[in-house]
Amino acid sequence: MNINMDHYWLPFTPNRYFRSHPKIVVSAKGAYYQTADGRSLFDSLSGLWCSPIGHGHPKIVEAFQRQAATMDFAPPFQVCNPVTFALSEQVTAMAPPGLSQVFFVNSGSEAVDTALKIAIAYHRVRGQGTRTRMIGRERAYHGVGFGGISVGGMVANRKAYSSLMLPGVDHLRHPWDPGAMAFSKGQPVWGSHLADDLERLVALHDASNIAAVIVEPVQGSTGVLVPPQGYLQKLRDTCTRHGILLIFDEVITGFGRTGANFGAQRFGVQPDMITFAKAVTNGTIPLGGVLVSQAIYDTTTSIEAPPHAPELLHGYTYSGHPMAAAVGLATLGILREEGLIERAAALAPVLESAVHALRDEPGVVDIRNIGLAAAVDLEPVPGKPGLRAFRVFEYGFAHSHLYRASGDTISIAPPFISSEGEIAGIAEGLREAIRAVRAMPDAA
Ligand SMILES: Cc1ncc(COP(=O)(O)O)c(C=O)c1O
């Protein structure tokens, strides 16, 4: 296939290397991609955690086409349309009770920045304008906006912008201790005390200055760090005690990945806001949002302002885009009608035993899993961090599976439509890839 690759700067990609080692996929159906040279690849990460239904579902194609023919766009400020309202109803119906308002955006990054702004606006309106500080967490990924990288804790994404980080941010320590937790299946039993770190930060900054704590219920991008039993509830209790809002960033965990609608329900912990994106449209079209408690909505919109003035000066041209809303409605309908979230929950033990069977492979240093998500940590090639997992990814692409490598971790998040055999195949493909990479001359 003759493609001019000279003009596209790919995101989170080694671009110079890519142009000499291109990896091109040309079509997708169900749980498989087709490569430019005609091979079939199993979609082991549901796109980028976003396509649990698989690709090309006829109902999504139909919804997209119908909406394009009906109304491709309408301005989102001062005007709205029935499809976007319908999606807000569906999304809030899936959310934990009380999170009954939704603010639509276009991506996870925008959802995070929006949630941080809503937290500050809420505290201002209720007369606590000193509450502007945010608490994030080490190893967190909250997208790439300046808000998101400030509360985020992935050093590589932050270090070049150090002086531009939001000033009022501090970080909880990350909740993973390989010494005590390695090879845990599901939620580690040890480690709820790691949430006590929040009390330390409250004592340091004083609660009167802290607006919100933002955490991913499961830290996804950094390699499926599963919260220890009791950890999230402790964060909740501390936030409640000090009047601090708790935001769950569910861009990955939202819409079924943990086997429940949201991680909040899976772990039985109630946040004040939830950010979401990705699976809400099955990845077909960009859409994100922030679920907000009724109390936060009521307070924030009670700001003293003339009736014709917006209460929150925030929004995007494509907030609540009717095309995205139509696809979102179709997606949530399919998840419901085909029982796919229940299916994800039923397949979770299959994934758990498949990935943990890799434990004795040489160079596998940790394996974690929850719901239909798992990660395998590999020993780095000496002096070359990230190279081993990158090679595993390349081996997978050259053979049969599309894996996700970040650092020396391989993440797995199969589509909910996967069969048990396909899930077993992901782990077996990974075993083969790990062995092949270990046999490379510099990589033992
Ligand atoms: C937890 C979390 N928050 C935010 C984001 C950013 O989402 P986006 O890439 O849509 O901006 C991601 C992306 O993976 C994520 O995992």
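Two strands are taken to pair if DSSP finds at least two bridges between them. The exercises below apply this criterion to a predicted model.

**Exercise 1.** Determine which residue in β2 is the bridge partner of V25, and place the two strands concerned in their sheet.

*Solution.* Step 1: the bridge partner of V25 in β2 is T35. Step 2: β1 is joined to strand β2, residues 32-35, by four bridges, and the two run antiparallel. Step 3: the sheet that holds them is open, has four strands and follows the order β1-β2-β3-β13, with mixed pairing. Step 4: its edge strands are β1 (25-29) and β13 (401-402), each of which pairs on one side only. As background, strands of a sheet pair through backbone hydrogen bonds, either parallel or antiparallel.

**Exercise 2.** State the order of the open sheet of seven strands, and explain why one side of each edge strand is left without a neighbour.

*Solution.* Step 1: the order is β4-β10-β9-β8-β7-β5-β6, and the pairing is mixed. Step 2: β4 (101-105) and β6 (169-172) occupy the edges; each has a single partner strand, so one side of each lacks a neighbour in the sheet. Step 3: on average, neighbouring strands of this sheet are turned by 20 degrees against each other, direction ignored.

**Exercise 3.** Describe how β9 and β10 are joined, and identify which helices are placed against the strands of this sheet.

*Solution.* Step 1: strand β9 (residues 273-276) and strand β10 (residues 288-292) run antiparallel and are joined by four bridges. Step 2: within β10, V290 is the bridge partner of T275. Step 3: helix α9 (residues 197-205) packs on the sheet, where it touches β5, β6 and β7; the direction of α9 makes about 155 degrees with that of β6. Step 4: helix α5 (residues 108-125) lies across β4, β5 (133-137), β7 (210-215), β8 (245-249), β9 and β10. Helix α5 runs at about 30 degrees to β10.

**Exercise 4.** Assess how compact the chain is for its length, and report what share of its residues is buried.

*Solution.* Step 1: the chain contains 16 helices and 15 strands. Step 2: its radius of gyration is 22 Å, close to the 22 Å given by the globule rule for 444 residues, so the chain is as compact as a globular protein of that length. Step 3: the C-alpha trace spans about 70 × 55 × 45 Å along its principal axes. Step 4: of the 444 residues, 50% are buried. Step 5: among contacts with a separation of 6 or more, 72% are between residues 24 or more positions apart.

Note on methods:
Residues numbered from 1 in each chain as written. Predicted model: local features only at pLDDT ≥ 70, side-chain atom pairs only at ≥ 80, totals over all residues. Rg over C-alpha atoms; globule rule 2.2 N^0.38 Å. Buried ≥ 20, exposed ≤ 12 C-beta atoms within 10 Å, placed from the backbone. Contact = placed C-beta atoms within 7 Å. Axes fitted to C-alpha atoms, helices over the stretch in contact; angles between N-to-C directions.
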